[in-house]
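Trainee: I'd like to practise reading a model with you. Could we go through the charged pairs, the backbone and the core?

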Amino acid sequence: MNASSANPTAIRPFMPGDAESVARLIVPIQREEFGITITYEEQPDLRDIPAFYQRGAGGFWVAIGPGGVAGTIGLYDIGEGDAALRKMFVAAAHRGDGTARRLLDHLVAHARQQGLRRIVLGTTDRFLAAHRFYEKNGFAEIAPEDLPAAFPRLAVDSKFYRLAL
């Protein structure tokens, strides 16, 4: 048992004081692990999480572990019963300890409570572990033409999934 599994993470809504820790988690993963040349400044959703995510049926949550923010997940309300799953990141030390599953379960429970009908997400072809994770958790791959019109497609998105609630 590693230290992170001995100290499970707690999931709670994002608070403004989390902003720096969230950026310190997400940006290095984007740049170093995924090879996406993006900065914090180029991500308006990260610079104002409450205005972007914590409105309508949306939300943004953090997983807090012994060392601070261990993971993030966002739900962006795009209207008409649909929402986009965004910014799901888990620190390397917490991968495989259930943090990702707890974040996703929390987001799905919230979406159901809000009366949403579908959660949609985009990712790249390269993230095979993410593909397996989403498929294992009930997401089905969909074609780009099946995305809701309001879905915020990113330039790096090449593979899409939908979960019917």
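Trainee: Which residues are linked with Asp45 in a network of salt bridges?

Mentor: Before we start, keep in mind that this is a predicted model. For a salt bridge, look for a side-chain nitrogen of Lys or Arg within 4 Å of a carboxyl oxygen of Asp or Glu. Here, Arg86 and Lys87 join Asp45 in such a network. In the Asp45–Lys87 pair, the closest N and O atoms are 3.4 Å apart.

Trainee: Which parts does the pair of Asp45 and Lys87 tie together?

Mentor: Check which element each partner sits in. Asp45 belongs to helix H3 (residues 44-47) and Lys87 to strand E4 (residues 82-90), so this salt bridge ties together parts that are 42 residues apart in sequence.

Trainee: And does Asp45 count as buried or exposed?

Mentor: The cut-off to apply is simple: under 20% relative accessible area is buried, over 50% is exposed, and partly exposed is what lies in between. Asp45 comes out at 4%, so it is buried. Lys87 has 11% relative accessibility, which makes it buried too.

Trainee: How many salt bridges does the structure hold?

Mentor: Eight. Another one to look up pairs Arg118 with Asp82, with 2.8 Å between the closest N and O atoms. This pair also links distant parts of the chain: Arg118 is in strand E5 (residues 118-123) and Asp82 in strand E4, 36 residues apart. Accessibility splits the two partners: Asp82 is buried at 5%, while Arg118 is partly exposed at 25%.

Trainee: Where do Arg101 and Asp105 lie?

Mentor: They're both in helix H5 (residues 99-113), four residues apart, which is about one turn of the helix. Their side chains meet in a salt bridge, 3.0 Å from N to O. Run the accessibility check again: Arg101 is partly exposed at 40%, and Asp105 is partly exposed at 37%.

Trainee: Let's turn to the backbone. What is the phi of Glu80?

Mentor: The general idea first: most residues other than glycine have a negative phi. Glu80 has a positive phi of about 55°, although it is not a glycine. You'll find Glu80 in the loop between strand E3 (68-79) and E4, and with 73% relative accessibility it counts as exposed.

Trainee: Which strand holds Lys87, and what is its phi?

Mentor: Lys87 is in strand E4, and its phi is positive as well, near 55°. Remember that Lys87 is the buried partner of Asp45 that we met above. Compare the settings: Glu80 sits in a loop, whereas Lys87 sits in a strand.

Trainee: On to the interior. Which residues have the most contacts inside the largest nonpolar core?

Mentor: To trace a core, follow buried nonpolar residues joined through their side-chain atoms. The largest one here has 22 residues, and Val22, Ile49, Phe60 and Phe151 have the most contacts inside it. Helix H2 (19-33), strand E2 (59-65), E3 and E4 each give two or more residues to this core. H2 supplies the largest share, five residues.

Trainee: What is Ile49 in contact with, leaving aside its neighbours within four places in sequence?

Mentor: Its partners are Phe14, Val22, Gln54 and Phe60. Val22 and Phe60 are also on the list of residues with the most contacts in that core. Finally, don't stop at one core: there is a second, separate core of 21 residues, and Trp61, Ala83, Leu103 and Val108 are among them.

Conventions. Residues are numbered from 1 along each chain as its sequence is written. This is a predicted model: local features need pLDDT of at least 70, side-chain atom pairs count only at pLDDT 80 or more; totals for chains, interfaces and linings use all residues. Side-chain values use heavy atoms; hydrogens and water are left out. Buried means under 20% relative accessible area, exposed over 50%, partly exposed in between (1.4 Å probe, protein chains only). A nonpolar core is a set of buried Ala, Val, Leu, Ile, Met, Phe, Trp, Tyr and Cys residues joined through side-chain atoms within 4.5 Å. Contact means heavy atoms within 4.5 Å.
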